[in-house]
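Visitor: I would like to learn how to read a protein model one feature at a time. Could you take me through this one slowly?

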Amino acid sequence: MTYHQFLREREKIDYLIEQGYYMKSVKENLSGSFVEFEKAGSLSETRDVQMLHITNADARKYFSSLLIRQLRKHHK
C-alpha cells in the first residue's frame, strides 16, 4: 500500500510539472505536506493554482529534491 501511495503521489507531482507548473509554496503539518503549484508564465489576471496534499514520506522526499533543483535553476 505505501509504495503504491508513493507512486500515485509522484505521478501527480510529475504531471503538474510536465504541464508547466512550479512549486510556489509548501506548508507542513502532522498530516503531511501541502504543496501549492502555480502555472509558469500565466499572463491572465487569475492565477492557475493547484494544491496537492502529499502524505507519503518518500513522496515528500521526492518533491523536496525537485524543489531544491527548481530553486537552484531559478537562482542561476
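Visitor: Let me begin with Glu36: does Glu36 count as buried or exposed?

Guide: This is a predicted model, and every value I give you is computed from it. A residue is called buried when its relative accessible area is under 20%. Glu36 has a relative accessibility of 15%, and therefore counts as buried. The residue is found in strand 2, and its side chain is joined to that of Arg47 by a polar contact of 3.2 Å.

Visitor: Which residues does Glu36 touch, not counting residues up to four places away in sequence?

Guide: Glu36 touches Tyr22, Met23, Lys24 and Ser25, and also Arg47, Val49, Gln50 and Met51.

Visitor: Ser33 also has its place in strand 2. With which side chains does the side chain of Ser33 make polar contacts?

Guide: One polar contact, of 2.8 Å, joins the side chain of Ser33 to that of Glu28, and another, of 3.0 Å, joins it to the side chain of Arg60. Ser33 counts as buried, because its relative accessibility is 0%. If we leave aside neighbours within four places in sequence, Ser33 is in contact with several residues, among them Val26, Lys27, Leu52, His53, Ile54 and Phe63.

Visitor: How should I compare a separation along the chain with a separation in space?

Guide: Take two C-alpha atoms and read both values together, as with Ser33 and Leu71, which are 38 residues apart along the chain and whose C-alpha atoms are separated by 18 Å. For Ile54 and Lys27, 27 residues apart in sequence, the C-alpha to C-alpha separation is 10 Å. His74 and Asp58 are 16 residues apart along the chain, and their C-alpha atoms are separated by 24 Å.

Visitor: Where does Ile54 lie, and what does it touch?

Guide: Ile54 lies in strand 3 and is buried, since its relative accessible area is 2%. Leaving out residues up to four places away in sequence, Ile54 touches Glu9 and Ile13, then Gly32, Ser33 and Val35, and finally Ala59, Arg60 and Phe63.

Visitor: Now the helices, please. What span is expected for helix 1 at 1.5 Å a residue?

Guide: The expected value is 24 Å, and helix 1, with 17 residues from 2 to 18, reaches 24 Å from its first C-alpha to its last. To read the sides of a helix, ask which of its residues are buried: in helix 1, Phe6, Glu9, Ile13 and Leu16 are. These residues cover an arc of only 100° around the axis, which puts them on the same side of helix 1. Tyr3, Glu11 and Glu18, on the other side of helix 1, are exposed.

Visitor: What covers the buried residues of helix 1?

Guide: The cover includes strand 1 (21-29), strand 2 (32-39), strand 3 (49-54) and helix 2 (57-74). Just after helix 1, Gly20 takes a positive phi of about 95°.

Visitor: Which residues of helix 2 are buried?

Guide: They are Ala59, Phe63 and Leu66. They cover an arc of only 60° around the axis, which means that they sit on the same side of helix 2. The face turned away from that buried side carries the exposed residues Lys61 and Arg72. What covers the buried residues of helix 2 includes helix 1, strand 1, strand 2 and strand 3.

Visitor: What should I look for at the start of helix 2?

Guide: Look at Asn56, where a side-chain oxygen reaches to within 2.8 Å of the backbone nitrogen of Asp58. The 18 residues of helix 2 should span 26 Å, and the end C-alpha atoms are 26 Å apart, which agrees.

Visitor: How does one find empty space in a model?

Guide: Rolling a probe the size of a water molecule over the atoms shows where empty space is left. Here the largest pocket holds about 290 Å³ of space. Its lining is formed by Ile17, Tyr21, Tyr22, Met23, Leu66, Arg69, Gln70, Lys73 and His74. Strand 1 and helix 2 are the elements that give two or more residues to this lining, and helix 2 gives the most, with 5 residues.

Visitor: Is His74, one of the lining residues, buried or exposed?

Guide: His74, which lies in helix 2, counts as exposed because its relative accessibility is 62%.

Definitions and conventions:
Residues are numbered from 1 along each chain as its sequence is written. This is a predicted model: local features need pLDDT of at least 70, side-chain atom pairs count only at pLDDT 80 or more; totals for chains, interfaces and linings use all residues. Side-chain values use heavy atoms; hydrogens and water are left out. Helices (H or I, at least four residues) and strands (E, at least two) are DSSP runs, numbered from the N terminus. The expected span of a helix is 1.5 Å times one less than its number of residues. Buried means under 20% relative accessible area, exposed over 50%, partly exposed in between (1.4 Å probe, protein chains only). The arc is that of the directions from the helix axis to the C-beta atoms. Contact means heavy atoms within 4.5 Å. A polar contact is a pair of N or O atoms within 3.5 Å; within protein, one must be able to donate a hydrogen and the other to accept it, and residues adjacent in sequence count only if both atoms are side-chain atoms. On a 1 Å grid over the protein atoms alone, a cavity is a set of points where a 1.4 Å probe fits but cannot get out, and a pocket is an open set with protein on both sides within 12 Å along at least five of seven lines; lining residues have an atom within 4 Å of a point. Grid points are joined across faces, edges and corners, and a volume is the space filled by probe spheres set on the points.
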